[in-house]
Amino acid sequence: MAGDRSPSFSTIRLEVSDAIATLTLDRPDALNALTVAMKQELLAAFRAIGRDRAVRAVILTGAGRAFCAGQDLKERLEPDAAPLAVELRERYNPIIRAMRALDQPIVGAINGVAAGAGASLAFACDIRLAAQGASFLLAFGRIGLVPDSGATWFLPRLIGPSRAAALALLGDPLPAEEAERIGLVARVVAAEALADEARRTAARLAELAPRALALTKRALQRSWSVDLDEALEDEAWRQGIAGATADHAEGLAAFLEKRPPRFTGE
Ligand code: LHQ
């Protein structure tokens, strides 16, 4: 996959260069609203990235003025649209699971509005950067639905139960600056600087020890559902694995020799 732009995708773009895979949701006229085809392609892309050890970091972003407006509501009116619960179980949930299971860290470059399941995609990223003018929107009450694709799980953990309830129930847009203030996004930058900032962040991640990052990602996720005792044991177990890698030896050698490390993922 390295170096190519997959020709088989029509609703997303997948570009790989310098160990960074950039996934762009690419239906800008519909604010990158998620169709069945797009969900299938997104899942296939995350799975392909997961298999590619040359990829060390991922950027997820949207084409045009939006990050993602969530489910394509027009597609829901088609006679053969799957029941909502089926759509979630078979198409949305596997994407969220694939993102969380991915060894490589995902940088969400939130370039514009992230609404509904589009917000959930942003929440499932490991690090979020946002453009000035971007926003998060969970206006499910307005369409008679409930937050889904992990939103009810991610939000309280990311911003606390009180803010999560206000955002999910009232459905007011959360502007990028406020999202930064409450810790939902790591940083807000000017819209024209977002792609470069995301690339810089991904490049930094791509230079670090891949297995250590994968183990860290999992430890952080696991910490949300275990007590301190279990977390301490989990850390000890993971450190045992990380400590046995060639990359740990390389990191130590580089430190002692006062040179940058060259990690191989071994
Ligand atoms: C859209 C959409 C859209 C289609 C803008 N669909 N076309 C998952 C499981 C299964 C089913 C049910 O739900 C879920 C979870 C979900 O994600 S439900 C959907 C949640 N999303 C929303 O409720 C957001 C709906 N969109 C909006 O509220 C607005 O479009 C926002 C606030 C995102 C942007 O507003 P504006 O900047 O004023 O843009 P716009 O509304 O004029 O949209 C531009 C175009 O994009 C327009 O097309 P048109 O042909 O009329 O120019 C919209 O129809 C289209 N678009 N969102 N979700």
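1. In this note, a residue counts as near the ligand if one of its heavy atoms lies within 4 Å of it. The structure under discussion is a predicted model. There are 24 residues around the ligand, and those that come nearest are R65, A69, Q71, L73 and A117.

2. Three of these names recur when polar atoms are considered. In the case of R65, an N or O atom of the side chain is 2.8 Å from an oxygen atom of the ligand. For Q71, the partner of a ligand oxygen is instead a polar backbone atom, at 2.8 Å. A117 likewise uses its backbone: an N or O atom there lies 2.8 Å from an oxygen atom of the ligand.

3. How much of the ligand does the protein bury? Taken alone, the ligand exposes 1,000 Å², and the protein buries 66% of that.

4. The space that the ligand takes is the largest pocket. Two elements give two or more residues each to the surrounding shell, namely α2 (84–101) and β6 (113–115). The largest share, 3 residues, comes from α2.

5. The student may next consider the chemical character of the shell. Its residues divide into 15 nonpolar, 3 polar and 6 charged. Among the charged residues is R65, whose side chain was described in point 2.

6. Turning to the protein as a whole, its secondary structure comes to 10 helices and 10 strands. Along the principal axes, the C-alpha trace spans about 60 × 45 × 35 Å.

7. Why may the overall dimensions be said to agree with those of a compact globule? The protein has 266 residues, for which a compact globule would have a radius of gyration near 18 Å; the value for the protein is 19 Å, which agrees.

Terms used: Residues numbered from 1 in each chain as written. Predicted model: local features only at pLDDT ≥ 70, side-chain atom pairs only at ≥ 80, totals over all residues. Heavy atoms only, no water. Polar contact = N/O pair within 3.5 Å; in protein donor to acceptor, adjacent residues only side chain to side chain. Areas by Shrake-Rupley, 256 points an atom, 1.4 Å probe, with all protein chains shown as cover. 1 Å grid on protein atoms, 1.4 Å probe; cavity = no way out; pocket = protein on both sides within 12 Å on 5 of 7 lines; lining within 4 Å. Sits in = over half its atoms within 2 Å of the grid points. Helix = DSSP H or I, 4+ residues; strand = E, 2+ residues; numbered from the N terminus. Rg over C-alpha atoms; globule rule 2.2 N^0.38 Å.
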